[in-house]
Amino acid sequence: MVTEQDDVLVIGGGAAGLSGALTLARARRSVLVVHDGAPRNAPAAHMHAYLGLDGLPPADLLARGRAEVEGYGARVVEDRVVDIRRDGDGFRAALAGGRVVRARRVLVATGLVDALPDVPGVAERWGRDVLHCPFCHGWEVRDRAVAVLGSGPLAVHRAQLWRGWTADVTLFLGAGAPAGAGDGLSDDDWERLAALGVRVVDGPVAGLEVVDDVLTGVRLATGTVLACDAVVVGTGMDARLDGLEGLGLPTEPVSMGDQVIGTRVVAAPDGATPVPGVRVAGNVTDLRAQVQVAAAAGLTAGAALVGELAAEDADAAVARYRAEQEAPFSARAERELAARRAGDGPVGL
Ligand SMILES: Cc1cc2nc3c(=O)[nH]c(=O)nc-3n(C[C@H](O)[C@H](O)[C@H](O)COP(=O)(O)OP(=O)(O)OC[C@H]3O[C@@H](n4cnc5c(N)ncnc54)[C@H](O)[C@@H]3O)c2cc1C
C-alpha cells in the first residue's frame with residue numbers, strides 16, 4: 001500500500017542528495033529523502049577541500065544538511081530503496097522497512113561503490129591511512145613516507161601525483177598484480193619514476209604491517225617490511241544502483257587513458273538521464289566528484305527538477321483552463337449562481 005506521495009523522491013542522503021533536496025524544498029516542493037546511512041567517505045575522520053568547511057567530520061556536514069533540509073519541510077528517513085519502477089505518470093518505490101512511496105520525479109544520488117585491491121589490511125585501514133585521493137588527504141601526509149600500490153600507467157600517474165606532496169614515494173608494483181608487473185611499464189615510465197626519485201619495488205606484496213592500530217609498513221611475500229606512513233591505492237568505482245534496477249538507468253564505462261576505472265550512469269551535465277523523470281547527481285554519474293562538486297551537482301539537478309515540475313503544473317493548469325473556457329454556457333452560468341448563493345461573489349463567465 002502506498003503510504004506517501006511526493007513531488008520528488010531523493011534516493012541518497014550524501015552531499016548530492018541533500019543539496020538537491022534543499023533546492024527542491026526551498027522551491028516549496030514536497031520531498032522525501034531516503035538514505036541508508038552509508039556515504040562513501042564515512043571511514044574518513046575529516047573532510048577536506050570543501051571551501052569554508054575544510055576539516056569538518058563528514059558526518060557533521062550531513063547532519064547539518066539534514067537539519068537544513070528538514071527546516072524547509074522535507075522529510076528525511078533512514079531506510080533503503082529495494083525496488084523502484086515507473087507507476088503511471090510517476091514512480092513507486094519499496095523501502096526495506098516496508099514503506100511503499102510514490103513520487104512524480106526521482107533524483108538518484110546513491111554514490112558509488114569502491115572496489116578495493118585484494119591486499120590483506122587494505123580494507124581495514126581504508127579511509128584512515130589507506131588513501132586514494134591526494135586532494136582529500138595529501139596535505140595530511142605531506143613529507144611523510146607514502147607507498148603507492150598498483151601497476152601499469154595509472155600507478156605511475158599516482159606516484160607522480162603524490163610526489164607533489166612528499167619526496168618519499170615508493171611504488172609497489174606487486175600488490176594485487178601478477179608477478180613481474182613492472183614489465184608493463186614503458187621506458188618513459190621508468191625514466192619518469194627515476195627522475196622523480198620514486199623507488200620501485202617489484203616483488204609480491206603480502207599485506208600491510210600494523211602495530212598498535214598504526215600503519216607502519218608494507219610487508220613483502222619474502223617477509224621484508226618496508227616502512228611507510230600511508231598507503232595509496234586506486235579503487236574500481238562503480239555507480240551504486242542495487243535496488244534501483246527497475247529504473248533501467250543506462251551505465252557506461254569511464255576511462256583514464258587506456259584504463260577503465262569504473263562505470264557511471266549516463267547523464268547530461270544537469271543530471272538528466274535517458275529515463276524521463278529521473279535525474280542523477282554526484283558520484284553515481286561523476287566518479288571523480290568530490291563533496292563540493294557533488295553538492296553543486298545536487299543543486300543543479302534539483303533546480304532542473306523544479307523547472308520540470310513547474311512546466312508540468314503549468315500544462316495541467318492550461319488544460320483545466322481550456323476545459324473551463326470550453327464548458328457550455330449553461331453549465332458555467334449554473335456554477336456562477338451556485339457561487340453567488342454560497343456568498344463567494346461574482347465569478348467570471
Ligand atoms: C575514504 C574517502 C575519503 C574521502 N574524503 C574526501 C574529502 O576529504 N573531501 C572530498 O571532497 N571528498 C572526499 N571523498 C569523496 C566523497 O566521498 C564523495 O565526493 C562524496 O561522498 C560524493 O557524494 P554523493 O552524495 O554523490 O555520494 P555519497 O556521499 O556516497 O552518498 C550516497 C548516499 O546514497 C545512499 N544510498 C545508496 N544506495 C541507496 C539505496 N538503495 N537506498 C537508500 N539510500 C541509498 C547512501 O546511504 C548515501 O546516503 C572521499 C572518499 C573516500 C572514499
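The following paragraphs lead through a predicted model, from its strands and sheets to its ligand and one exposed arginine.

Because the model is predicted, local features need pLDDT of at least 70 and side-chain atom pairs count only at pLDDT 80 or more, while totals for chains, interfaces and linings use all residues. Residues are numbered from 1 along each chain as its sequence is written, and side-chain values use heavy atoms, with hydrogens and water left out. Helices (H or I, at least four residues) and strands (E, at least two) are DSSP runs, numbered from the N terminus.

A convenient starting point is strand 6, residues 100–108. Nine of its nine residues are buried, so strand 6 is largely enclosed by the rest of the structure; buried here means under 20% relative accessible area, exposed means over 50%, and partly exposed lies in between, with a 1.4 Å probe and protein chains only. Strand 6 runs parallel to strand 1 (residues 2–11), to which eight bridges join it. Within this pair, A103 of strand 6 is the residue opposite D6. Two strands count as paired if DSSP finds at least two bridges between them. Strand 6 also runs parallel to strand 18 (residues 278–280), here with three bridges, and V106 stands opposite V278 of strand 18. With strand 5 (residues 90–95) the direction is antiparallel, and four bridges make the connection. A94 faces V100 of strand 6 across this pair. Strands 5 and 6 form a hairpin with four residues between the strands, in which G98 takes a positive phi near 110 degrees.

A second region is an open sheet of seven strands with mixed pairing, in the order 8-14-9-10-11-12-13. Its edge strands, strand 8 (130–131) and strand 13, each pair on one side only. Towards the strand 13 end of that order, strand 11 (residues 199–211) and strand 12 (residues 214–220) are antiparallel partners over six bridges. V210 has L215 of strand 12 as its bridge partner. The hairpin of these two strands has two residues between them, and D212 in the turn has a positive phi of about 50 degrees. Strand 12 continues the antiparallel arrangement with strand 13 (residues 225–227), over three bridges. Two of the residue pairs in this arrangement are V218 with L226 and R219 with V225. The hairpin of strand 12 and strand 13 has four residues between the strands, and G223 takes a positive phi near 100 degrees. In a regular strand the side chains alternate between the two faces of the sheet.

A further open sheet has four strands in the order 7-15-17-16, again with mixed pairing. Strand 7 (112–115) and strand 16 (251–256) stand at its edges with a single partner strand each, so one side of each is left without a neighbour in the sheet. On average, neighbouring strands of this sheet are turned by 25 degrees against each other, direction ignored; the axes are lines fitted to C-alpha atoms, for helices over the stretch in contact, and angles run from 0 to 180 degrees between N-to-C directions. Strand 15 (residues 236–239) and strand 17 (residues 259–265) pair in the parallel sense over two bridges, and D238 stands opposite T263 of strand 17.

The ligand has 39 residues around it, of which D36, A38, H48, N283 and A289 come nearest; a residue is near a molecule if one of its heavy atoms lies within 4 Å of it. By class, the shell divides into 16 nonpolar, 16 polar and seven charged residues. Here Ala, Val, Leu, Ile, Met, Phe, Trp, Tyr, Cys and Pro count as nonpolar, Asp, Glu, Lys and Arg as charged, and the others, Gly among them, as polar. Polar backbone atoms approach oxygen atoms of the ligand at 3.0 Å from A16, at 3.2 Å from G37 and at 2.9 Å from V291. Taken alone the ligand exposes 990 Å², and the protein buries 98% of that, with areas from the Shrake-Rupley method and a 1.4 Å probe. Helix 1, strand 2, helix 4 (134–137) and helix 7 (291–326) each give two or more residues to the shell around the ligand.

Finally, R28 lies in the loop between helix 1 (15–26) and strand 2 (31–35). R28 is exposed, with a relative accessible area of 79%. Its C-alpha atom is separated by 9.2 Å from that of V306, although the two residues are 278 residues apart along the chain.

Conventions
Polar contact = N/O pair within 3.5 Å; in protein donor to acceptor, adjacent residues only side chain to side chain.
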